[in-house]
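Here is a friendly walk through a structure, written for someone who likes to know how each value was obtained. Have a look at the sequence and the model, then read on.

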Amino acid sequence: MRNKFSGRLSWGILAAAVCMCLYGAAAGQAEDVFIKAIRICMECIGLG
Amino acid sequence: MGKKSLSLGRLRKVVQIISGIAANGYIKGFLPGNPMIYEGPLKHFCLPGMNCYSCPGALGACPIGALQAALNARDRDFPFYVLGYLIAAGVIAGRFICGWLCLFGLLQELLYKIPGPKLKIPEKADRVLRYVKYLVLLVLVIGLPLFYRDGSGGGLPFFCQYLCPVGTLEGGVPLVLLNSTLRPALGWLFRWKMLVLILCLVSCIFIYRPFCKYLCPLGAFYGFMQKISLVRIRVDEDSCTNCGACAGACGMKVDPRKFPDSAECIRCGACMDKCPEKAISFRIRR
């Protein structure tokens with residue numbers, strides 16, 4: 001019973017996380033990640 | 001039976017190598033004199049493990065770097081995209097990602113294979129030190145990027161800037177070696193980060209995966225998700241003879257009989273290889 005509940009909880013949280021991801025992408029947040037990731041991050045590599 | 005148990009460890013090594021190469025497969029970035037990093041559409045997506053997005057070969061974004069960038073942006077919104085990604089990855093695989101898909105994890109394991117005395121951290125100290133990674137996540141990855149603002153109103157990626165040895169190894173060192181124009185920018189920060197990197201790599205020779213155990217904020221995040229992650233391990237109580245071979249084989253010092261969903265278990269499968277009764281196996285939660 002407990003396993004069944006935790007299994008459903010996991011799948012429910014996964015569905016919510018996918019929705020968050022899709023909403024974020026639609027709001028332009030994937031583009032923000034892209035813009036950050038295509039530039040050499042000087043602070044990140046210790047050159048700041 | 002012996003052949004089967006060996007194959008899981010070997011399979012994991014193959015998966016680790018392939019995933020490391022796949023995540024950093026932009027060969028052009030490693031050509032001398034080429035300052036460019038990959039700028040293609042794959043960088044819209046985060047990689048599952050710690051992997052600096054300033055690595056010349058990186059084909060995806062670092063989830064921890066992306067989270068800090070989302071939190072310290074001037075016009076920040078709630079980071080739906082990155083947080084949703086991290087939660088999804090954590091629910092699907094948890095720390096299986098650390099054990100099977102992280103290149104820095106593989107490097108630490110290879111360094112631990114160097115023969116020599118291995119350090120046994122006293123149990124009490126080890127237990128306390130393992131909480132440090134949660135502190136790193138809460139303070140350096142979330143708290144300071146969220147609340148600290150410099151004169152221009154922007155924030156800083158504190159973890160990347162002051163601690164992350166992965167960024168120094170995968171980003172800083174190759175970029176400085178390949179690109180002479182970056183060398184005049186080297187200062188105290190680079191020296192500090194090199195010191196952190198060297199300490200981290202040297203400690204890997206004596207301690208199994210010290211960065212994963214004590215410092216990695218991504219491991220801390222996935223550890224939170226471990227209890228609900230779909231990938232889990234199951235100990236068949238009918239077959240288990242309580243010989244303790246599984247606990248003895250675990251580099252992360254987890255006893256899978258008592259804590260199969262421990263936040264410290266990286267799902268490496270060493271316990272499965274070692275179990276003489278084959279009582280431990282991977283399961284998908286339904």
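## Chain A

Chain A has two helices and zero strands; helices (H or I, at least four residues) and strands (E, at least two) are DSSP runs, numbered from the N terminus. Along the principal axes, the C-alpha atoms of chain A fill a box of roughly 55 × 25 × 10 Å. Of the 48 residues in chain A, 40% are buried, where buried means under 20% relative accessible area, exposed over 50%, and partly exposed in between (1.4 Å probe, protein chains only). The exposed area of chain A is about 2900 Å², with 67% of it supplied by carbon and sulfur atoms. Such accessible areas come from the Shrake-Rupley method with a 1.4 Å probe, and for residues only the protein chains shown count as cover.

## How to read the model

This is a predicted model, in which local features need pLDDT of at least 70 and side-chain atom pairs count only at pLDDT 80 or more, while totals for chains, interfaces and linings use all residues. Residues are numbered from 1 along each chain as its sequence is written, chains are lettered from A and ligands numbered from 1 in the order in which they are written, and side-chain values use heavy atoms, with hydrogens and water left out.

## Chain B as a whole

Chain B has 14 helices and two strands, and its C-alpha trace spans about 60 × 40 × 40 Å along the principal axes. Its radius of gyration is 20 Å, which agrees with the value near 19 Å for a compact globule of 286 residues. That radius is taken over C-alpha atoms, and the globule rule is 2.2 Å times the number of residues to the power 0.38.

In chain B, 54% of the 286 residues count as buried. Among contacts in chain B with a separation of 6 or more, 74% come from residues 24 or more positions apart; contact means heavy atoms within 4.5 Å. The accessible surface of chain B is about 13300 Å², and 69% of this belongs to carbon and sulfur atoms. Chain B carries 35 positive and 16 negative charges, whose mean positions are 5 Å apart. Lys and Arg count as positive and Asp and Glu as negative, leaving out His and the chain ends, and each charge is placed at NZ of Lys, CZ of Arg, CG of Asp or CD of Glu.

## Cysteines

How many disulfides does the structure hold over all chains? The count is zero, with a disulfide taken as a pair of cysteine sulfur atoms within 2.5 Å. For Cys204(B), the nearest cysteine sulfur is that of Cys200(B), 4.7 Å away. Cys204(B) counts as buried because its relative accessibility is 0%.

Cys268(B) is also in no disulfide, and the nearest cysteine sulfur, that of Cys250(B), is 5.9 Å away. With 14% relative accessibility, Cys268(B) counts as buried.

## Where the two chains meet

Gln29(A) lies in helix H2 (residues 29–37) of chain A and is buried, at 10% relative accessibility. Beyond its neighbours within four places in sequence, Gln29(A) is in contact with Gly24(A) and with Asp77(B), Phe78(B), Pro79(B), Phe80(B) and Tyr81(B).

From the other chain, Arg285(B) sits in the segment after strand E2 (280–284). Which residues of chain A does Arg285(B) touch? They are Ser6(A), Gly7(A), Ser10(A) and Trp11(A); its contacts in chain B include Gln226(B), Arg232(B) and Asp261(B). Arg285(B) has 4% relative accessibility and so counts as buried.

## Buried spots within chain B

Pro217(B) lies in helix H12 (residues 217–225) and is buried, with a relative accessible area of 0%. Its C-alpha atom is 6.4 Å from that of Tyr134(B), 83 residues apart along the chain. Leaving out residues up to four places away in sequence, Pro217(B) touches Ile64(B), Lys133(B), Val136(B), Leu137(B), Val141(B) and Phe159(B).

Gln108(B), in helix H5 (residues 103–112), is buried with a relative accessible area of 0%. Among the residues that Gln108(B) touches are Cys204(B) and Arg209(B).

## Two positive phi values

Most residues other than glycine have a negative phi. Arg209(B), in the loop between helix H10 (188–206) and helix H11 (210–214), has a positive phi of about 45° and is buried at 0% relative accessibility. Arg267(B) has a positive phi near 55°. Arg267(B) lies in the loop between helix H13 (245–249) and helix H14 (270–274), and is buried with a relative accessible area of 1%.
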